[in-house]
Amino acid sequence: NGDEVLIPDPGYPTYAAATKLAGGKVRYYDLTEETGWMPDIEKIEASGLDKVKIMWVNYPHMPTGKRASRELYEKLVAFAQRNRILICNDNPYSFILNGEPLSILETEGAKDVALELNSLSKSHNMAGWRIGIVAGNREYISAILRVKSNMDSGMFQPLQAAAARALNAPESWYAAINDIYSERRKAAEEILNVLDCSYDLSQSGMFLWGKIPSGYDFSEDLTEELLLNAHVFITPGYIFGNNGRNYIRISLCSTVEMLREAKKRIVSRLILKERSH
């Protein structure tokens, strides 16, 4: 019926895929380095929102690692109230390299206009278990359950028991996991330094987002060169949207040893390139 969904560019490609599967129309809104990877609410509002029903947001943001602020959530809630739009906040990176996790549901009035999703895949290294949560107003949850209950009939009980045990992990467990991510982050930063990429040190989440150097027109020019010459694959930012064309993303799911090996291969390639000239 022409209902539209606001989706961030750059952002997680599944937001668009799910919208299309549901018969909705994808409408991208810009996130740029110049705006601090935050939505320009005034610009979005000025574009006309008569058909918009849902807006996806995701902080800490994937792929840029930008953290949310209380001010942002307050603006989003007010925006949703003015325009009768449901905000869906995807928040799976809330506990990863993030000393101040925030929920949009902490904002006054948010429960009437927002849903928040989280996942044990990221926070507890349980990827593939398909264990997550959605929280918000009872009316919205009931609508989700009407669909969900016709798609499957429950989750394997031992997985539920394991998830409950994981959620009771002490603070020290999260600290230990973040220590590992922190070491990987340092190794990933060394790769970006070798490539002469610029990046924001305040990023959160399990990725590192870097801007490519001026010698390359687009991210795929750099990533293809690395793949062919150094046998190292780094994700080109264009797969997350047009606003990612000048950026690359390194995953912190790789071990420190693997990241160091990648750097070693890249350095060898750069030396060979220099010698060829």
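This report covers the nonpolar cores, one pocket and the salt bridges of a predicted model.

## Nonpolar cores

The largest nonpolar core holds 58 residues. Within this core, Met55, Phe79 and Leu195 touch the most other members. Several helices give two or more residues to the core: α2 (41-46), α3 (70-83), α7 (171-194), α8 (219-230) and α9 (256-276). The strands that do so are β3 (52-57), β8 (207-211) and β10 (247-251). A second core stands separate and has nine residues. Tyr15, Leu86, Cys88 and Leu115 are among them.

What does Met55 contact, leaving aside its neighbours within four places in sequence? The list includes Leu6, Tyr29, Pro39 and Ile44. Leu76 and Phe79 are also in contact with Met55. So are Ile85, Leu86, Ile87 and Cys88.

## The second largest pocket

Rolling a probe the size of a water molecule over the atoms shows where empty space is left. The second largest pocket contains about 260 Å³ of space. Its lining counts 15 residues. Val232, Phe233, Ser254, Leu259 and Ala262 lie nearest the centre.

Two elements, β10 and α9, give two or more residues to this lining. Helix α9 gives the most, with five residues. By class, eight lining residues are nonpolar, four are polar and three are charged.

## Salt bridges across the chain

The structure has 12 salt bridges. One of them joins the side chains of Lys43 and Asp30, at 3.5 Å from N to O. This pair links distant parts of the chain, 13 residues apart. Lys43 belongs to helix α2, and Asp30 to strand β2 (residues 25-30). Lys43 counts as exposed because its relative accessibility is 52%, over the 50% cut-off. Asp30 is partly exposed, at 39%.

Glu225 and Arg269 form another salt bridge, at 2.6 Å from N to O. Here too the pair links distant parts of the chain, with the two positions 44 residues apart in numbering. Glu225 lies in helix α8 and Arg269 in helix α9. Are these two residues buried or exposed? Both Glu225 and Arg269 are buried.

## Within a helix, and a network

Lys75 forms a salt bridge with Glu71. Their closest N and O atoms are 3.6 Å apart. Both residues sit in helix α3, four residues apart, so about one helical turn separates Lys75 from Glu71. Lys75 is partly exposed, with 44% relative accessibility.

Salt bridges can also be followed through a network: Glu4, Lys25 and Arg27 are linked in this way.

How values were computed. Residues are numbered from 1 along each chain as its sequence is written. This is a predicted model: local features need pLDDT of at least 70, side-chain atom pairs count only at pLDDT 80 or more; totals for chains, interfaces and linings use all residues. Side-chain values use heavy atoms; hydrogens and water are left out. A nonpolar core is a set of buried Ala, Val, Leu, Ile, Met, Phe, Trp, Tyr and Cys residues joined through side-chain atoms within 4.5 Å. Buried means under 20% relative accessible area, exposed over 50%, partly exposed in between (1.4 Å probe, protein chains only). Contact means heavy atoms within 4.5 Å. On a 1 Å grid over the protein atoms alone, a cavity is a set of points where a 1.4 Å probe fits but cannot get out, and a pocket is an open set with protein on both sides within 12 Å along at least five of seven lines; lining residues have an atom within 4 Å of a point. Grid points are joined across faces, edges and corners, and a volume is the space filled by probe spheres set on the points. Ala, Val, Leu, Ile, Met, Phe, Trp, Tyr, Cys and Pro count as nonpolar, Asp, Glu, Lys and Arg as charged, and the others, Gly among them, as polar. A salt bridge is a side-chain nitrogen of Lys or Arg within 4 Å of a carboxyl oxygen of Asp or Glu.
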